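Please open the structure in your viewer and keep the selection tool at hand. Each stop on this tour tells you what to select and then what you will find there.

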Amino acid sequence: MLLISCPNCGPRDETEFHYGGQAHVAYPENPDALTDRQWAEYLFYRDNTKGAFAERWVHSTGCRQWFNMLRDTVSYDIQAIYKMGQPRPDMERADVNTSAATTPEGATK
Amino acid sequence: MAETATPANPETLRAARRSPASHLAPTFESGSVAGTVALKEIPFQTMVGIRVDRNSDAGARLASVTGGLPVACGEISGDERATTLWLGPDEFLVVAPESAHDSLGGDLVRALVEALGDDPGQVVDLSANRTTFELSGIRARDVLEKGCSLDLHPRAFRAGTALATEIGNIPAMLFKTGEDSFRIFPRASFADFLGRWLLDSMREYASPEVP
(Lines give C-alpha, C1' and ligand atoms only; values in the text may rest on other atoms or scores of the structure.)
Protein backbone atom coordinates (compact mmCIF):
# COMPACT_ATOMS: atom_id res chain seq x y z
CA MET A 1 0.00 0.00 0.00
CA LEU A 2 1.18 3.50 -0.78
CA LEU A 3 1.71 5.94 2.05
CA ILE A 4 0.67 9.27 0.57
CA SER A 5 1.53 12.59 2.20
CA CYS A 6 -1.56 14.73 1.88
CA PRO A 7 -0.50 18.42 1.73
CA ASN A 8 -3.10 19.19 4.41
CA CYS A 9 -3.23 16.10 6.60
CA GLY A 10 0.20 14.47 6.39
CA PRO A 11 0.98 10.82 5.62
CA ARG A 12 -2.09 8.60 5.27
CA ASP A 13 -2.91 5.21 3.79
CA GLU A 14 -3.67 4.94 0.10
CA THR A 15 -7.18 3.68 0.94
CA GLU A 16 -8.13 7.18 2.12
CA PHE A 17 -7.46 8.59 -1.36
CA HIS A 18 -9.01 8.38 -4.78
CA TYR A 19 -7.17 8.60 -8.05
CA GLY A 20 -8.04 11.35 -10.50
CA GLY A 21 -6.11 10.40 -13.61
CA GLN A 22 -3.44 12.31 -15.49
CA ALA A 23 -2.72 15.84 -14.29
CA HIS A 24 -2.17 18.94 -16.42
CA VAL A 25 -4.67 18.06 -19.14
CA ALA A 26 -5.75 21.56 -19.99
CA TYR A 27 -9.31 22.28 -21.11
CA PRO A 28 -9.25 23.35 -24.76
CA GLU A 29 -9.32 27.10 -25.16
CA ASN A 30 -11.97 26.95 -27.82
CA PRO A 31 -13.81 23.58 -27.65
CA ASP A 32 -16.15 24.57 -30.47
CA ALA A 33 -13.25 24.77 -32.88
CA LEU A 34 -12.09 21.20 -32.25
CA THR A 35 -12.78 18.35 -34.59
CA ASP A 36 -14.45 15.24 -33.19
CA ARG A 37 -11.08 13.55 -33.27
CA GLN A 38 -9.41 16.32 -31.24
CA TRP A 39 -12.30 16.43 -28.77
CA ALA A 40 -12.14 12.65 -28.28
CA GLU A 41 -8.42 12.95 -27.73
CA TYR A 42 -8.98 15.62 -25.07
CA LEU A 43 -11.65 13.54 -23.33
CA PHE A 44 -10.32 10.02 -23.50
CA TYR A 45 -6.70 9.84 -24.62
CA ARG A 46 -4.16 9.77 -21.82
CA ASP A 47 -0.49 9.02 -21.54
CA ASN A 48 0.62 5.59 -20.48
CA THR A 49 3.99 6.64 -19.18
CA LYS A 50 6.66 4.29 -17.96
CA GLY A 51 8.47 6.33 -15.33
CA ALA A 52 7.60 9.66 -13.73
CA PHE A 53 3.92 10.41 -14.23
CA ALA A 54 2.01 13.47 -12.99
CA GLU A 55 -1.42 12.53 -11.71
CA ARG A 56 -4.25 13.93 -9.62
CA TRP A 57 -5.36 12.52 -6.28
CA VAL A 58 -8.06 13.52 -3.82
CA HIS A 59 -7.95 12.84 -0.09
CA SER A 60 -11.55 11.70 -0.09
CA THR A 61 -11.72 10.34 3.47
CA GLY A 62 -9.80 13.26 4.95
CA CYS A 63 -9.76 16.89 3.89
CA ARG A 64 -11.48 16.22 0.52
CA GLN A 65 -8.93 18.38 -1.30
CA TRP A 66 -7.31 17.62 -4.64
CA PHE A 67 -3.58 17.72 -5.22
CA ASN A 68 -1.04 16.64 -7.80
CA MET A 69 1.48 13.90 -7.39
CA LEU A 70 4.53 12.92 -9.41
CA ARG A 71 4.80 9.15 -9.13
CA ASP A 72 7.08 6.65 -10.80
CA THR A 73 4.82 4.11 -12.47
CA VAL A 74 7.52 1.45 -12.32
CA SER A 75 8.79 1.74 -8.75
CA TYR A 76 5.73 3.50 -7.28
CA ASP A 77 8.17 5.98 -5.78
CA ILE A 78 6.37 9.25 -4.99
CA GLN A 79 8.76 11.93 -6.25
CA ALA A 80 6.76 15.07 -5.51
CA ILE A 81 3.43 16.27 -4.18
CA TYR A 82 2.31 19.74 -5.18
CA LYS A 83 -0.80 21.86 -5.24
CA MET A 84 -3.41 21.99 -7.96
CA GLY A 85 -2.54 24.68 -10.47
CA GLN A 86 1.19 24.48 -9.88
CA PRO A 87 3.41 23.42 -12.78
CA ARG A 88 4.94 19.98 -12.81
CA PRO A 89 8.12 20.25 -10.70
CA ASP A 90 10.43 18.57 -13.21
CA MET A 91 9.07 20.47 -16.25
CA GLU A 92 12.30 22.37 -16.76
CA ARG A 93 14.33 19.20 -17.07
CA ALA A 94 15.18 18.62 -20.71
CA ASP A 95 14.95 14.84 -20.50
CA VAL A 96 11.25 14.88 -19.64
CA ASN A 97 8.86 15.40 -22.47
CA THR A 98 5.67 16.92 -21.09
CA SER A 99 4.01 18.24 -24.19
CA ALA A 100 1.10 16.18 -22.85
CA ALA A 101 0.02 19.24 -20.91
CA THR A 102 -1.75 20.58 -23.94
CA THR A 103 -1.96 17.75 -26.44
CA PRO A 104 -2.37 14.37 -24.77
CA GLU A 105 -2.26 12.50 -28.01
CA GLY A 106 0.76 14.35 -29.30
CA ALA A 107 3.00 13.33 -26.40
CA THR A 108 5.84 11.05 -27.35
CA LYS A 109 5.55 7.72 -25.61
CA MET B 1 -32.55 25.86 4.79
CA ALA B 2 -35.61 23.82 5.66
CA GLU B 3 -37.74 25.37 8.33
CA THR B 4 -36.93 23.75 11.67
CA ALA B 5 -38.92 26.14 13.81
CA THR B 6 -39.85 25.07 17.31
CA PRO B 7 -42.75 22.61 17.12
CA ALA B 8 -45.74 22.86 19.42
CA ASN B 9 -44.43 20.18 21.76
CA PRO B 10 -40.68 19.43 21.64
CA GLU B 11 -41.04 16.58 24.15
CA THR B 12 -43.38 14.67 21.82
CA LEU B 13 -40.98 15.13 18.96
CA ARG B 14 -38.01 14.10 21.10
CA ALA B 15 -39.78 10.94 22.32
CA ALA B 16 -40.52 9.90 18.74
CA ARG B 17 -36.89 10.05 17.62
CA ARG B 18 -34.75 6.94 17.24
CA SER B 19 -31.00 7.31 17.13
CA PRO B 20 -29.10 5.26 14.51
CA ALA B 21 -27.70 2.80 17.08
CA SER B 22 -30.52 2.89 19.64
CA HIS B 23 -31.28 -0.78 18.95
CA LEU B 24 -27.72 -1.64 20.05
CA ALA B 25 -27.91 0.18 23.39
CA PRO B 26 -28.44 -3.00 25.49
CA THR B 27 -25.66 -4.75 23.56
CA PHE B 28 -23.29 -1.84 24.13
CA GLU B 29 -24.03 -2.08 27.84
CA SER B 30 -23.51 -5.82 28.08
CA GLY B 31 -20.46 -5.68 25.78
CA SER B 32 -18.68 -3.05 27.86
CA VAL B 33 -16.06 -4.38 30.25
CA ALA B 34 -16.10 -2.45 33.53
CA GLY B 35 -12.81 -0.71 34.16
CA THR B 36 -11.35 -1.84 30.84
CA VAL B 37 -13.30 -0.53 27.89
CA ALA B 38 -16.80 0.89 27.56
CA LEU B 39 -18.87 1.84 24.54
CA LYS B 40 -22.00 3.92 24.42
CA GLU B 41 -23.88 6.04 21.97
CA ILE B 42 -24.43 9.72 22.61
CA PRO B 43 -27.47 10.31 20.43
CA PHE B 44 -28.75 13.43 18.73
CA GLN B 45 -25.80 15.75 19.20
CA THR B 46 -26.28 19.03 17.36
CA MET B 47 -23.88 19.17 14.41
CA VAL B 48 -23.50 21.98 11.95
CA GLY B 49 -21.34 21.86 8.85
CA ILE B 50 -19.59 25.08 7.92
CA ARG B 51 -17.81 25.89 4.70
CA VAL B 52 -16.16 29.26 4.69
CA ASP B 53 -12.80 30.86 3.97
CA ARG B 54 -11.55 31.32 7.51
CA ASN B 55 -9.62 34.46 6.53
CA SER B 56 -12.70 36.24 5.20
CA ASP B 57 -15.05 38.55 7.09
CA ALA B 58 -17.69 35.82 7.19
CA GLY B 59 -15.04 33.46 8.59
CA ALA B 60 -14.29 35.93 11.37
CA ARG B 61 -17.98 36.35 12.17
CA LEU B 62 -18.53 32.58 12.27
CA ALA B 63 -15.41 32.19 14.42
CA SER B 64 -16.87 34.62 16.93
CA VAL B 65 -19.96 32.40 17.25
CA THR B 66 -18.08 29.09 17.48
CA GLY B 67 -15.21 30.38 19.60
CA GLY B 68 -12.65 30.27 16.80
CA LEU B 69 -12.16 28.10 13.71
CA PRO B 70 -9.34 25.53 13.83
CA VAL B 71 -6.33 26.34 11.65
CA ALA B 72 -4.91 22.95 10.68
CA CYS B 73 -5.64 19.25 10.44
CA GLY B 74 -6.35 17.68 13.83
CA GLU B 75 -6.97 20.93 15.64
CA ILE B 76 -10.19 21.74 17.43
CA SER B 77 -11.51 24.98 18.81
CA GLY B 78 -14.49 26.20 20.73
CA ASP B 79 -15.74 26.64 24.24
CA GLU B 80 -18.07 24.79 26.61
CA ARG B 81 -21.00 25.60 24.32
CA ALA B 82 -19.73 23.90 21.16
CA THR B 83 -16.61 22.23 19.77
CA THR B 84 -15.45 22.90 16.22
CA LEU B 85 -13.53 20.21 14.36
CA TRP B 86 -11.30 20.76 11.33
CA LEU B 87 -12.52 18.80 8.31
CA GLY B 88 -10.66 20.65 5.57
CA PRO B 89 -8.97 24.00 4.90
CA ASP B 90 -12.37 25.62 4.45
CA GLU B 91 -14.64 23.02 6.05
CA PHE B 92 -15.52 22.65 9.71
CA LEU B 93 -17.93 20.68 11.87
CA VAL B 94 -19.49 22.27 14.94
CA VAL B 95 -20.56 19.73 17.55
CA ALA B 96 -22.74 20.78 20.46
CA PRO B 97 -25.05 19.07 22.94
CA GLU B 98 -28.53 18.15 21.81
CA SER B 99 -30.08 21.08 23.70
CA ALA B 100 -28.24 23.56 21.47
CA HIS B 101 -30.45 22.64 18.52
CA ASP B 102 -33.00 25.21 17.50
CA SER B 103 -35.87 22.70 17.63
CA LEU B 104 -35.21 22.18 21.34
CA GLY B 105 -34.94 25.80 22.28
CA GLY B 106 -31.28 26.42 21.38
CA ASP B 107 -30.05 28.95 18.87
CA LEU B 108 -26.81 27.50 17.48
CA VAL B 109 -27.92 26.92 13.89
CA ARG B 110 -29.70 30.24 13.63
CA ALA B 111 -26.73 32.09 15.12
CA LEU B 112 -24.39 30.50 12.56
CA VAL B 113 -26.72 31.15 9.63
CA GLU B 114 -27.01 34.78 10.67
CA ALA B 115 -23.23 35.06 11.09
CA LEU B 116 -22.65 33.85 7.54
CA GLY B 117 -25.28 36.19 6.13
CA ASP B 118 -25.18 36.46 2.34
CA ASP B 119 -21.44 35.90 2.07
CA PRO B 120 -19.95 32.98 0.11
CA GLY B 121 -20.01 29.78 2.14
CA GLN B 122 -22.52 27.52 3.75
CA VAL B 123 -23.97 26.60 7.11
CA VAL B 124 -25.91 23.34 7.10
CA ASP B 125 -27.68 21.59 9.96
CA LEU B 126 -26.10 18.12 9.89
CA SER B 127 -27.41 16.87 13.23
CA ALA B 128 -28.98 13.81 11.62
CA ASN B 129 -25.96 13.05 9.45
CA ARG B 130 -23.72 11.45 12.05
CA THR B 131 -24.14 9.83 15.42
CA THR B 132 -21.61 9.78 18.24
CA PHE B 133 -19.98 6.77 19.87
CA GLU B 134 -18.00 7.20 23.03
CA LEU B 135 -15.29 4.61 23.53
CA SER B 136 -13.45 4.88 26.81
CA GLY B 137 -11.24 2.89 29.11
CA ILE B 138 -7.65 1.74 29.27
CA ARG B 139 -8.16 -0.61 26.30
CA ALA B 140 -9.93 1.94 24.09
CA ARG B 141 -6.81 2.60 22.02
CA ASP B 142 -6.19 -1.13 21.54
CA VAL B 143 -9.74 -1.56 20.28
CA LEU B 144 -9.31 1.23 17.73
CA GLU B 145 -5.88 0.09 16.61
CA LYS B 146 -7.38 -3.09 15.22
CA GLY B 147 -9.05 -1.14 12.46
CA CYS B 148 -7.46 2.30 12.23
CA SER B 149 -4.15 2.88 10.48
CA LEU B 150 -3.41 6.20 12.18
CA ASP B 151 -0.69 6.38 14.80
CA LEU B 152 -2.86 6.50 17.93
CA HIS B 153 0.03 6.47 20.40
CA PRO B 154 -0.34 9.38 22.85
CA ARG B 155 2.94 10.92 21.62
CA ALA B 156 1.38 11.35 18.16
CA PHE B 157 -2.34 11.57 18.89
CA ARG B 158 -2.96 13.84 21.85
CA ALA B 159 -6.14 14.52 23.75
CA GLY B 160 -8.00 17.41 22.13
CA THR B 161 -7.21 16.24 18.60
CA ALA B 162 -9.72 15.14 15.96
CA LEU B 163 -8.89 13.45 12.66
CA ALA B 164 -10.95 12.20 9.76
CA THR B 165 -9.98 8.63 9.04
CA GLU B 166 -11.23 5.09 8.54
CA ILE B 167 -12.15 2.83 11.44
CA GLY B 168 -12.99 -0.73 10.49
CA ASN B 169 -13.09 0.48 6.87
CA ILE B 170 -15.76 3.02 7.82
CA PRO B 171 -15.00 6.69 7.14
CA ALA B 172 -15.42 8.48 10.44
CA MET B 173 -14.17 11.37 12.51
CA LEU B 174 -12.08 10.29 15.49
CA PHE B 175 -11.94 12.80 18.32
CA LYS B 176 -9.71 12.11 21.29
CA THR B 177 -11.45 13.79 24.22
CA GLY B 178 -9.22 12.51 27.02
CA GLU B 179 -6.24 10.25 27.66
CA ASP B 180 -8.43 7.14 27.50
CA SER B 181 -11.58 8.36 25.83
CA PHE B 182 -12.48 8.78 22.20
CA ARG B 183 -15.54 10.03 20.40
CA ILE B 184 -16.24 8.53 17.01
CA PHE B 185 -18.56 10.22 14.55
CA PRO B 186 -19.72 7.73 11.91
CA ARG B 187 -22.45 8.56 9.44
CA ALA B 188 -25.84 7.30 10.54
CA SER B 189 -26.03 4.49 8.01
CA PHE B 190 -22.68 3.09 9.20
CA ALA B 191 -23.59 3.24 12.89
CA ASP B 192 -24.95 -0.31 13.08
CA PHE B 193 -21.93 -1.85 11.35
CA LEU B 194 -19.35 0.19 13.24
CA GLY B 195 -21.13 -0.38 16.57
CA ARG B 196 -21.02 -4.14 16.04
CA TRP B 197 -17.45 -3.96 14.76
CA LEU B 198 -16.35 -2.14 17.92
CA LEU B 199 -18.21 -4.63 20.12
CA ASP B 200 -16.46 -7.48 18.37
CA SER B 201 -13.14 -5.72 18.81
CA MET B 202 -13.86 -5.22 22.53
CA ARG B 203 -14.86 -8.80 23.20
CA GLU B 204 -11.42 -10.22 23.91
CA TYR B 205 -10.92 -7.84 26.84
CA ALA B 206 -13.80 -9.48 28.72
CA SER B 207 -11.74 -12.64 29.03
CA PRO B 208 -8.76 -13.08 31.33
CA GLU B 209 -5.49 -12.18 29.65
CA VAL B 210 -3.52 -15.15 28.42
CA PRO B 211 0.05 -14.81 29.61
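Begin by selecting A:Arg71 and A:Glu55 in this predicted model, where A:Arg71 is buried and A:Glu55 is buried as well. These two side chains form a salt bridge, and their closest N and O atoms are 2.4 Å apart. The pair links distant parts of the chain, since A:Arg71 belongs to strand S5 (residues 66-72) of chain A and A:Glu55 to strand S4 (residues 52-58) of chain A, 16 residues apart.

While chain A is still in view, colour the whole of chain A by secondary structure, and look for one helix and six strands. If you follow chain A along its sequence, the elements come in the pattern β-β-β-α-β-β-β. Of the 109 residues in chain A, 39% are buried. Among the contacts in chain A with a separation of 6 or more, 47% are between residues 24 or more positions apart.

**Two salt bridges in chain B**

Next, select B:Arg14 and B:Glu98, which form a salt bridge whose closest N and O atoms are 2.4 Å apart. Here too the pair links distant parts of the chain: B:Arg14 lies in helix H1 (residues 10-16) of chain B, while B:Glu98 lies in the loop between strand S5 (91-96) and helix H4 (108-116) of chain B, 84 residues apart. Are both partners buried, or is one of them partly exposed? B:Arg14 has a relative accessible area of 32% and is therefore partly exposed, whereas B:Glu98, with a relative accessible area of 19%, counts as buried because the cut-off for that word is under 20%.

Now move to B:Asp142 and B:Arg139, whose side chains meet in a salt bridge of 3.1 Å from N to O. B:Asp142 is partly exposed, with a relative accessible area of 23%, and B:Arg139 is also counted as partly exposed, at 26% relative accessibility. From there, add B:Lys40, B:Glu134 and B:Arg183 to your selection, and you will see three residues that are joined into one network by salt bridges that share partners. Over all chains, the count comes to 17 salt bridges.

**The sheet with strands S3, S4, S5, S2 and S6 of chain B**

Switch to a ribbon view of chain B and find the open sheet of five strands, which are arranged in the order S3-S4-S5-S2-S6 with antiparallel pairing. At the edges stand strand S3 (76-78) and strand S6 (122-125) of chain B, each with a single partner strand, so one side of each has no neighbour in the sheet. From one strand to the next, the twist averages 25°.

Zoom in on S3(B) and S4(B), which run antiparallel and are joined by three bridges. To see how a residue is matched across this pair, select B:Ile76, whose bridge partner in S4(B) is B:Leu85. Then select helix H3 (residues 57-66) of chain B, which lies across strand S2 (46-51), S3, S4, S5 and S6 of chain B and runs at about 160° to S2(B).

**The sheet with strands S1, S7, S10, S9 and S8 of chain B**

Chain B also holds an open sheet of five strands in the order S1-S7-S10-S9-S8, and the pairing in this sheet is antiparallel. Its edge strands are strand S1 (38-42) and strand S8 (161-167) of chain B, each of which pairs on one side only. The twist in this sheet averages 25° from one strand to the next.

Select S8(B) together with strand S9 (residues 170-178) of chain B, and you will find an antiparallel pair joined by seven bridges. Within this pair, B:Thr161 stands opposite B:Lys176 in S9(B). Now add helix H6 (residues 191-202) of chain B, which lies across S1, strand S7 (132-136), S8, S9 and strand S10 (181-186) of chain B, and which runs at about 10° to S7(B).

**The cavity**

For the last stop, look for the structure's one cavity of 30 Å³ or more. The largest cavity holds about 40 Å³ of space. Which residues line the largest cavity? Select A:Cys9, A:Arg12, A:Gly62, A:Cys63, B:Cys73, B:Trp86, B:Leu87, B:Ala162, B:Leu163 and B:Ala164 to show its lining. The elements that give two or more residues to this lining are strand S4 (83-88) and S8 of chain B, and S8(B) gives the most, with three residues.

Technical notes:
Residues are numbered from 1 along each chain as its sequence is written. Chains are lettered from A and ligands numbered from 1 in the order in which they are written. This is a predicted model: local features need pLDDT of at least 70, side-chain atom pairs count only at pLDDT 80 or more; totals for chains, interfaces and linings use all residues. Side-chain values use heavy atoms; hydrogens and water are left out. A salt bridge is a side-chain nitrogen of Lys or Arg within 4 Å of a carboxyl oxygen of Asp or Glu. Helices (H or I, at least four residues) and strands (E, at least two) are DSSP runs, numbered from the N terminus. Buried means under 20% relative accessible area, exposed over 50%, partly exposed in between (1.4 Å probe, protein chains only). Two strands pair if DSSP finds at least two bridges between them. Axes are lines fitted to C-alpha atoms, for helices over the stretch in contact, and angles run from 0 to 180 degrees between N-to-C directions. Contact means heavy atoms within 4.5 Å. On a 1 Å grid over the protein atoms alone, a cavity is a set of points where a 1.4 Å probe fits but cannot get out, and a pocket is an open set with protein on both sides within 12 Å along at least five of seven lines; lining residues have an atom within 4 Å of a point. Grid points are joined across faces, edges and corners, and a volume is the space filled by probe spheres set on the points.
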